[in-house]
Amino acid sequence: MLQSRVKFTLSVVAQAIAKYGEISPASNYYERAMVKIAASTYRKGDKQAAEGLFRQYLVDYLGDPVKSAIGDSEIKAAQRRVARASAEFYYALAAFEPLNDQLKAFQAGERMAPPEASGWEEVVRRVGEYPEEFQDQTITAPWAMYMYVTAKLQLSELDDARAMYDKMLARFESNKFTATASVDIYKRLDELKEQSDDPARKAELERDMAGLLKTSNSSSTADYAKLRSESRHWENLGEWAEAERVLRKLQTSFADGERAKDVEKYVLPDLANALLEQ
């Protein structure tokens, strides 16, 4: 059954590609057709060929002032923006996905080298100004921003990753990629904290970790583990008022249910201590 569905899907994609190929270069929708052919090729799994098609559109076609001339046509200008929004996203994705797959395999313990820095630099280059120019693309913009954050973390350029994450938080607070970026930055901060022998630097990193969790916990449904981690960070930093705030949220959110015993055994004693320390 599954094999039949796959064959049917591939057949539909092939028919769509053929139809897009019939659209004339003079058409207002020619550029969108070019990109749809490339996107369809990508989705059917021929990603290397698709990457070449995206490059052909973005570099060869748009870079040719004769071929890409649209005069003062507002319709063609609008359709070009739609085409570029799709093409530039997929072009970045084509660089990102194999690197991300390799990174996950390496982190899982498979016997392979981590991705080269040059690959992540190419991801950053391809994402480019996409997050700024295409802020209205509510699906692809946060995805592209996440690709940038991942690349910058792998390049050990934490400040750039944090700056992009702040934009994600401001524009796409509830998006899944914003949440994932937060977790990835938190893990990187934790790694740096473990590697550092400087108490001041460790405290600085811990404060950043607490801040990330504070933002995440304030904008999402109460999560016991995340709130508990945040409370411990504030306790380690001696920020007792912040610790109290989080511990009270744990108390009110989990006083009943399966976490009630944990609240009684761990949260309430810590809350009492936080109050005494103030």
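## Salt bridges, cores and a helix pair in a predicted model

K214 forms a salt bridge with E242, in which the closest N and O atoms lie 2.9 Å apart. Because K214 belongs to helix α10 and E242 to helix α12 (residues 240-254), the pair ties together parts that are 28 residues apart in sequence. K214 itself is partly exposed, with a relative accessible area of 31%. The structure described here is a predicted model.

### Salt bridges

In total, the structure holds 23 salt bridges. Three of them are set out in the table, each with the distance from N to O.

| Salt bridge | Distance, N to O | Citation |
|---|---|---|
| K214 and E242 | 2.9 Å | α10 and α12 |
| D136 and R81 | 3.0 Å | loop between α6 and α7, and α4 |
| R125 and E122 | 2.7 Å | both in α5 |

The bridge between D136 and R81 links distant parts of the chain, 55 residues apart. D136 lies in the loop between α6 (130-133) and α7, and R81 in helix α4. With a relative accessibility of 47%, D136 counts as partly exposed. R81 is likewise partly exposed, its relative accessible area being 31%.

The bridge between R125 and E122 is set within a single helix: both residues lie in α5, three residues apart, about one turn of the helix. What is the exposure class of R125 at 53% relative accessibility? R125 counts as exposed, because the cut-off for that class is over 50%. E122, at 23% relative accessibility, counts as partly exposed. This pair also belongs to a wider arrangement, since E51, R55, E122, R125 and R126 are linked in a network of salt bridges.

### The packing of α10 with α11

Helix α10, which holds K214, also packs with helix α11 (residues 224-237): their axes come within 9 Å and cross at roughly 145 degrees. The crossing is left-handed. From α10, the contact is made by A203, E206, R207, M209, A210, G211, L213, K214, S216 and N217. From α11, the contributors are K226, L227, S229, E230, R232, H233, W234, N236 and L237. By class, this contact has seven nonpolar, six polar and six charged residues.

K214 thus takes part both in the contact with α11 and in the salt bridge to E242. S216, another α10 residue in the contact, counts as buried because its relative accessibility is 16%, and the cut-off for burial is under 20%. Leaving aside residues up to four places away in sequence, S216 touches S182 and K226; K226 is one of the α11 residues in the contact.

### Nonpolar cores

The largest nonpolar core has 55 residues, of which F54, Y57, W120, V123, M147, V149 and I185 touch the most other members. Two or more residues are given to this core by each of α2 (30-43), α3 (47-61), α4 (74-107), α5 (117-127), α7 (140-154), α8 (158-171), α9 (176-195) and α10 (199-218). Helix α4 supplies the largest share, 13 residues.

Which residues does F54 touch, not counting those up to four places away in sequence? They are V35, A38, A39, Y42, A87, Y90 and Y91. A second, separate core of 15 residues includes W240, V246, F254 and L271.

Key
Residues are numbered from 1 along each chain as its sequence is written. This is a predicted model: local features need pLDDT of at least 70, side-chain atom pairs count only at pLDDT 80 or more; totals for chains, interfaces and linings use all residues. Side-chain values use heavy atoms; hydrogens and water are left out. A nonpolar core is a set of buried Ala, Val, Leu, Ile, Met, Phe, Trp, Tyr and Cys residues joined through side-chain atoms within 4.5 Å. Buried means under 20% relative accessible area, exposed over 50%, partly exposed in between (1.4 Å probe, protein chains only). Helices (H or I, at least four residues) and strands (E, at least two) are DSSP runs, numbered from the N terminus. Contact means heavy atoms within 4.5 Å. Axes are lines fitted to C-alpha atoms, for helices over the stretch in contact, and angles run from 0 to 180 degrees between N-to-C directions. A crossing is left-handed if the near helix is turned anticlockwise from the far one by less than a right angle, and right-handed if clockwise. Ala, Val, Leu, Ile, Met, Phe, Trp, Tyr, Cys and Pro count as nonpolar, Asp, Glu, Lys and Arg as charged, and the others, Gly among them, as polar. A salt bridge is a side-chain nitrogen of Lys or Arg within 4 Å of a carboxyl oxygen of Asp or Glu.
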